[in-house]
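Biologist: Please pick one part of this model and take me through it closely. I'd like to follow it on screen while you talk.

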Amino acid sequence: MLEKDIERVLVSESEIDAICKRLGAQITKDYAGQKPLIVGLLKGCMPFMAELIKHIDLYCEIELMGVSSYHGGISSSADIRITKDLEITVKDRHILIAEDIVDTGKTLDVIVKLLYHRGAASVDVVTLLDKPAGRVLEFVPKYIGTVIPKEFVVGFGLDYDEMYRNLPYVGVLKPEVYKK
Ligand code: PRP
């Protein structure tokens, strides 16, 4: 049913699987000997984070923060809202933020600065998708699943108007869906 609204698949289920395995192995290697705190930014991070952590072979903690910038449209706003804050202290912790997409870079600019302000020892980012053509603020994620062109994508956590997050792949939404 959802598939009829998708113009084309950009990152398939098998590609996402391979990305999570590759990133998980790299993170396992890079954080060896540490106990990182993996912070997912809700809601988009959900499927990616769930798949990624299966491939991280470390003692690590998982926490979630609710952050929202789109407010229903197809472009992110400057209004970054924390809808659910962390419930633990991050002082002296090595933090790895898990994101579904880095677009303008505004969300991570705010959250990375906030976590350092709270005393984190390090803050790095793993993202399934990087859309560098959308950048407004300079931001380079440390771990990138795949780079995508400047198109509006949904699926595997990414939404349009809160729908399509449950698609098992990332696809380009037909423009007529959001022009209705
Ligand atoms: C999306 C996505 C990132 C952010 C990226 O979240 O999950 O957090 O936008 O965009 P940016 O680089 O332009 O800031 P959104 O605000 O749509 O909330 P959601 O995760 O609940 O969908």
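Modeller: Here is a walk along one strand, the loop after it and the helices around it.

Some ground rules before we go in. This is a predicted model, where local features need pLDDT of at least 70 and side-chain atom pairs count only at pLDDT 80 or more, while totals for chains, interfaces and linings use all residues. Residues are numbered from 1 along each chain as its sequence is written, and side-chain values use heavy atoms, with hydrogens and water left out.

Our strand is S2, residues 37–42. Strands here are DSSP runs of E with at least two residues, helices are runs of H or I with at least four, and both are numbered from the N terminus. S2 belongs to an open sheet of six strands in the order S4-S3-S2-S5-S6-S7, with mixed pairing; two strands pair if DSSP finds at least two bridges between them. At the edges sit S4 (81–84) and S7 (143–147), each pairing on one side only. On average, neighbouring strands of the sheet are turned by 30° against each other, direction ignored.

Now look to either side of S2. With S3 it pairs in the parallel sense, over six bridges, and there Leu-37 has Glu-61 of S3 as its bridge partner. With S5 (residues 94–102) the pairing is also in the parallel sense, over four bridges. Here you'll find Val-39 standing opposite Ile-97.

What about the faces of S2? Both are covered: Leu-37, Val-39 and Leu-41 are buried on one side, and Ile-38, Gly-40 and Leu-42 on the other. Buried means under 20% relative accessible area, against over 50% for exposed and partly exposed in between, using a 1.4 Å probe and protein chains only. That makes six of the six residues buried, so S2 is largely enclosed by the rest of the structure.

Two helices to look at around S2 are H2 and H3. H2 lies across S2, S3 (61–68), S5 and S6 (122–130), running at about 155° to S2. H3, residues 106–117, lies across S2, S3, S4, S5 and S6 and runs at about 170° to S5. For these angles, axes are lines fitted to C-alpha atoms, for helices over the stretch in contact, and the values run from 0 to 180 degrees between N-to-C directions.

Next, follow the chain out of S2. The peptide bond from Leu-42 to Lys-43 is cis, with omega near 0°, and Lys-43 is placed in the loop between S2 and H2. Cys-45 lies in that loop too. Is Cys-45 buried or exposed? Its relative accessible area is 1%, so Cys-45 counts as buried. Leaving aside residues up to four places away in sequence, Cys-45 touches Gly-40, Leu-64, Ala-98 and Asp-100, where contact means heavy atoms within 4.5 Å. Gly-40 you've already met as one of the buried residues of S2. To place Cys-45 against a far part of the chain, take Ile-148: the two are 103 residues apart in sequence and 17 Å apart in space, C-alpha to C-alpha.

From the loop we reach H2 itself, residues 46–53. Two packed helices are described by the angle between their axes and the distance between the axes. The axes of H1 and H2 come within 8 Å and cross at roughly 55°. The two helices are therefore oblique to each other; under 35 degrees would count as roughly parallel, over 145 as roughly antiparallel and 65 to 115 as roughly perpendicular, with oblique covering the rest. The crossing is right-handed, meaning that the near helix is turned clockwise from the far one by less than a right angle, whereas an anticlockwise turn would be left-handed.

Which residues meet there? From H1 come Asp-17, Cys-20, Leu-23, Gly-24 and Ile-27, and from H2 come Phe-48, Glu-51 and Leu-52. They divide into five nonpolar, one polar and two charged. Nonpolar here takes in Ala, Val, Leu, Ile, Met, Phe, Trp, Tyr, Cys and Pro, charged is Asp, Glu, Lys and Arg, and the others, Gly among them, are polar.

One last step outward, along H1 (residues 13–30): this helix lies across S1 and S9, running at about 25° to S1. Those strands belong to an open sheet of three, in the order S1-S9-S8, with antiparallel pairing.
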